[in-house]
Amino acid sequence: MYPLLFRVVLTRFDPEFAHHAAMVVIRVLGVPPFSWVTRAITSPSNEQQVEALGLTFDSPLGVAAGFDKNAVGVRGLAALGFGHVEVGTITAIAQEGNPKPRLFRLVLDRAVINRMGFNNAGADAAARRLEKLRRRRPKTVIGVNIGKSRVVEVEHATADYVASATRLAPLADYLAVNVSSPNTPGLRGLQAVETLAPLLRAVKAAAGSTPLLVKIAPDLPDEEIVAIARLAVSEGLDGIIAHNTTISREGLKTDADTVEAAGAGGLSGAPLRERAMEVLRVVRDAVPSEFCVISVGGVETAADVRERLDAGATLVQGYTAFLYRGPLWARQIDRGLRRGTARA
Ligand SMILES: Cc1cc2nc3c(=O)[nH]c(=O)nc-3n(C[C@H](O)[C@H](O)[C@H](O)COP(=O)(O)O)c2cc1C
């Protein structure tokens with residue numbers, strides 16, 4: 001049903017407009033009595049619970065950062081059966097992001113290209129929403145992903161991250177430092193170990209007892225991924241999120257003109273699957289077995305989630321497949337995992 005709706009109706013709308021429309025529906029699904037009905041249909045079975053970061057996740061599958069940038073849809077996403085929602089990326093200073101259009105579907109590849117550029121209402125606005133959420137907690141883990149404000153020079157990035165961490169860590173179940181989006185100039189340069197070490201140390205001090213993770217890019221050479229993984233362990237972080245979107249355009253089925261017309265930005269969805277598996281293995285080999293590794297990139301089916309877990313992922317996230325597969329995606333994954341199986 002949803003694939004038909006997607007093909008016939010949703011693809012006629014601008015992708016960002018369709019996302020906002022979906023967000024309205026998701027917000028409604030988070031409000032009783034709609035949330036009760038949604039939960040009755042989609043609630044994950046406790047068979048798939050994961051204990052990690054000192055928290056209980058009802059499902060190994062969570063919503064990756066970027067879907068709910070301002071923490072407005074957490075209740076609805078929880079009702080749809082996701083075990084965690086990583087909100088953000090949130091920046092200390094509110095910002096509009098890049099000019100539109102900035103989100104493009106590559107339907108043949110089950111992928112999208114985005115150059116949103118951290119459009120978000122800023123840390124103070126997010127903190128107010130998170131405070132409300134904590135008063136009547138939804139049944140999901142809430143991660144908070146933070147990034148650098150665009151107006152802040154890269155040399156002053158640490159203070160900017162620390163400002164967000166100080167404001168948001170007390171309200172988060174875990175905090176993720178995003179140094180891997182391709183859409184903020186200079187951001188990925190922060191992944192160089194000499195730069196990353198003092199940044200992570202300062203954010204860790206600001207995060208206090210809130211578990212801290214770092215989110216990396218897939219475009220780094222494997223040796224640099226190993227170096228970051230070891231750094232994360234030695235700096236006392238709690239995990240790694242592997243990984244963000246790629247700047248590569250290799251191996252796409254969509255015709256080259258369409259891809260080129262989309263322009264710069266990060267590619268996500270099915271084409272990331274292979275690299276995400278490689279990066280997961282590289283990271284897992286470089287860190288202790290109890291260290292949390294969240295695998296993200298190209299996850300579409302229960303079999304994909306199972307494959308990530310079998311390869312050492314502690315948890316799994318997805319974004320693009322949620323756009324293509326629709327509101328029952330988390331439920332399909334849960335049912336597929338329960339059957340112990342094949343493709344959901
Ligand atoms: C439209 C869009 C916006 C995104 N925004 C963010 C973001 O703000 N912060 C972030 O860390 N990742 C962001 N991502 C990356 C996703 O969190 C995820 O790492 C990536 O899409 C790979 O997963 P997927 O193949 O399941 O989509 C975004 C992805 C998309 C498609």
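**View 1. The ligand and its closest neighbours.** In this predicted model, 25 residues surround the ligand, and Ala65, Thr89, Lys215, Gly298 and Thr320 come nearest. Sort the shell by residue type and you get 8 nonpolar, 15 polar and 2 charged residues. As for where the ligand has settled, it sits in the largest pocket. Three elements each give two or more residues to the shell: β4 (84-91), β6 (111-114) and β11 (266-269).

**View 2. Polar atoms facing the ligand's oxygens.** Which parts of the protein come up to oxygen atoms of the ligand here? Asn145 does it with its side chain, placing a polar atom 3.1 Å from a ligand oxygen. His243 uses its backbone instead, with an N or O atom 3.0 Å from an oxygen of the ligand. Gly298 also takes part through its backbone, where a polar atom is 2.8 Å from a ligand oxygen. How much of the ligand does the protein bury? On its own the ligand would expose 610 Å², and the protein buries 98% of that.

**View 3. His243 and its cis peptide bond.** Stay with His243 for a moment, since its backbone is the one 3.0 Å from a ligand oxygen. Look at the link just before it: the peptide bond joining Ala242 and His243 is cis, with omega at about 20°. His243 itself lies in the loop between β10 (239-242) and α9 (256-262). Why stop to look at a bond like this? Most peptide bonds are trans.

**View 4. A cis bond between two prolines.** Here is another cis peptide bond, this time joining Pro32 and Pro33, with omega of about 5°. Pro33 belongs to the loop between α2 (15-29) and α3 (34-42).

**View 5. Asp173 and its two partners.** Find the loop between α6 (157-168) and β8 (174-178), and you'll find Asp173 in it. Is Asp173 buried or exposed? Its relative accessible area is 10%, so Asp173 counts as buried. The side chain of Asp173 has company, too. It makes a 2.8 Å polar contact with the side chain of Arg137, and it also reaches the backbone nitrogen of Ile142, at 2.7 Å.

**View 6. Leu53, a leucine with a positive phi.** Check the backbone angles at Leu53 and you'll see phi near 55°, a positive value in a residue that isn't glycine. That's worth a second look, because most residues other than glycine have a negative phi. Leu53 is in the loop between β1 (50-52) and β2 (55-57). Its relative accessibility is 17%, so Leu53 counts as buried.

**View 7. Arg110, another positive phi.** Arg110 isn't a glycine either, yet its phi is positive, at about 50°. You can spot Arg110 in the loop between β5 (103-106) and β6, and β6 is one of the elements that give two or more residues to the shell around the ligand. How exposed is Arg110? With a relative accessible area of 36%, Arg110 is partly exposed, whereas Leu53 is buried.

**View 8. Val305, hidden inside a helix.** Val305 is part of helix α11, which covers residues 302-310. Its relative accessibility is 0%, and since buried means under 20%, Val305 counts as buried. How far is Val305 from Thr140 in space? The two are 165 residues apart along the chain, and 18 Å separates their C-alpha atoms.

Note on methods:
Residues are numbered from 1 along each chain as its sequence is written. This is a predicted model: local features need pLDDT of at least 70, side-chain atom pairs count only at pLDDT 80 or more; totals for chains, interfaces and linings use all residues. Side-chain values use heavy atoms; hydrogens and water are left out. A residue is near a molecule or strand if one of its heavy atoms lies within 4 Å of it. A polar contact is a pair of N or O atoms within 3.5 Å; within protein, one must be able to donate a hydrogen and the other to accept it, and residues adjacent in sequence count only if both atoms are side-chain atoms. Accessible areas come from the Shrake-Rupley method with a 1.4 Å probe; for residues, only the protein chains shown count as cover. On a 1 Å grid over the protein atoms alone, a cavity is a set of points where a 1.4 Å probe fits but cannot get out, and a pocket is an open set with protein on both sides within 12 Å along at least five of seven lines; lining residues have an atom within 4 Å of a point. A molecule sits in a cavity or pocket if more than half of its atoms lie within 2 Å of its grid points. Helices (H or I, at least four residues) and strands (E, at least two) are DSSP runs, numbered from the N terminus. Ala, Val, Leu, Ile, Met, Phe, Trp, Tyr, Cys and Pro count as nonpolar, Asp, Glu, Lys and Arg as charged, and the others, Gly among them, as polar. Buried means under 20% relative accessible area, exposed over 50%, partly exposed in between (1.4 Å probe, protein chains only).
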